[in-house]
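Work through the exercises below with the sequence and the model side by side. Each task is followed by a solution in steps.

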Amino acid sequence: MGESKKGAVEAAVSTGFLGQPDQNPIAFVQAKWKELENGFRVWLEKQSLPVEAAVVTATSALQGAGIGVLMATLTSDMNSSLTPPPSGASLNPDAVASLQQAKALAGGPLVQARNFAVMTGTNAGISCVLKRLRGKEDVQSSMAAAFGSGAMFSLVSGMAGPNVALNAATSGLFFAIVQGGIYQLGQKFSQPPVEDVHYVKTRTMLSNLGLQKYEKNFKKGMLDDTTLPLLTDNALRDVNIPPGPRLIILDHIGRDITVKGR
């Protein structure tokens, strides 16, 4: 009886409480969350534009509110150091605007939650609508969404100052320029390098021979796929390839029917 219970316990431990053998609980939770996220995205794509925009705006606003609370916690010391001017003091409009901007950036948790919720929600909502209407997501849509979020952030945070419309437009323009630059940089670094079609066979040959480090020598001497059947020891020496690799390359070319038959 005792041995049977012990065997059952060992079986439960070996298979895991999640029903999978030796499953990592963290990996299991991540997989389930990814599955739930994909299901939510599929459901959202089937909804009408107003429903999709409302859901995306709301969820992004909640995320922004969380970021705002975190920002307020980090800037609590800055907020406590800001003291309002005396009641009878007369300040010029620029000084008042600067004080308002500082207060907007150093508000309490509720203030920052509101500011960031409006900013992120507006950005996500505009991006969602433009993507559905235009059928694509590009730098123009990204900058338009950033302009709207910047303008709304300026309005709700109190950073607009005395000239509300002008300062809101200026903030929106600043957000749009920054977002456009970030988008272009992201596109530049995310795109895979374009393969040079004139060196496909040359690159494959060098890789198969374990001599891929000499690819730059071939390119420097403009020895591409069309010159492979014409390669000589002198040509390889002119691009500073050592004797050993030269012999290996020439022997391979001499044996390769596809290269000799060109």
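## Exercise 1: A salt bridge within one helix

The side chains of lysine 219 and glutamate 215 form a salt bridge, with N and O 3.3 Å apart. The model is a predicted one.

Task: Locate lysine 219 and glutamate 215 in the secondary structure, and classify each as buried or partly exposed.

Solution.
1. Helix α10 (residues 215-220) holds both lysine 219 and glutamate 215.
2. The two are four residues apart, which is about one turn of the helix.
3. Buried means under 20% relative accessible area. Glutamate 215 has 17% relative accessibility, so glutamate 215 counts as buried.
4. Lysine 219 has a relative accessible area of 35% and is therefore partly exposed.

## Exercise 2: A second pair in a helix

Task: Find the helix that holds aspartate 233 and arginine 237, and give the N to O distance of their salt bridge.

Solution.
1. Aspartate 233 and arginine 237 both belong to helix α11 (residues 233-238).
2. Their spacing is four residues, about one turn of the helix.
3. The side chains meet in a salt bridge of 2.6 Å, N to O.
4. Aspartate 233, at 26% relative accessibility, is partly exposed. Arginine 237 is partly exposed too, with a relative accessible area of 39%.
5. Elsewhere, salt bridges with shared partners join Arg134, Lys136 and Asp138 into one network.

## Exercise 3: A salt bridge between helices

Task: State how many salt bridges the structure holds, then describe the one between glutamate 52 and arginine 132.

Solution.
1. The structure holds eleven salt bridges.
2. In the pair of glutamate 52 and arginine 132, the closest N and O atoms are 2.2 Å apart.
3. This pair links distant parts of the chain, 80 residues apart: glutamate 52 is in helix α3 (residues 49-74) and arginine 132 in helix α6 (residues 109-134).
4. Glutamate 52 has 12% relative accessibility, so glutamate 52 counts as buried.
5. Arginine 132 is partly exposed, at a relative accessible area of 34%.

## Exercise 4: Helix packing

Task: Describe how the axes of α7 and α8 cross, and give the handedness of the crossing.

Solution.
1. Two packed helices are described by the angle and the distance between their axes.
2. The helices are α7 (residues 139-157) and α8 (residues 164-190); their axes come within 7 Å.
3. The crossing angle is roughly 145 degrees, and the crossing is right-handed.
4. By class, the contact between α7 and α8 is made of 15 nonpolar, ten polar and no charged residues.

## Exercise 5: A surface patch and a loop residue

Task: Which residues form a nonpolar patch on the surface, and where is valine 239?

Solution.
1. The patch consists of Ile67, Leu70, Met71 and Leu74, with about 390 Å² of accessible area together.
2. Methionine 71 lies in helix α3 and counts as partly exposed at 33% relative accessibility.
3. Valine 239 sits in the loop between α11 and α12 (243-255).
4. Valine 239 has 12% relative accessibility, so valine 239 counts as buried.
5. The C-alpha atoms of valine 239 and glycine 221 are separated by 5.8 Å, while the two residues are 18 residues apart along the chain.

## Exercise 6: The whole chain

Task: How many helices and strands does the protein chain have, and what percentage of its residues count as buried?

Solution.
1. The secondary structure comes to 13 helices and zero strands.
2. Of the 262 residues of the protein chain, 27% count as buried.

How values were computed:
Residues numbered from 1 in each chain as written. Predicted model: local features only at pLDDT ≥ 70, side-chain atom pairs only at ≥ 80, totals over all residues. Heavy atoms only, no water. Axes fitted to C-alpha atoms, helices over the stretch in contact; angles between N-to-C directions. Left-handed = near helix turned anticlockwise from the far one by under 90°. Nonpolar A, V, L, I, M, F, W, Y, C, P; charged D, E, K, R; others polar. Salt bridge = Lys/Arg side-chain N within 4 Å of Asp/Glu carboxyl O. Buried < 20%, exposed > 50% of the residue type's maximum accessible area, 1.4 Å probe, protein only. Patch = residues over 30% accessible without salt bridge, like charges linked within 9 Å, V, L, I, M, F, W, Y side chains within 5 Å. Areas by Shrake-Rupley, 256 points an atom, 1.4 Å probe, with all protein chains shown as cover.
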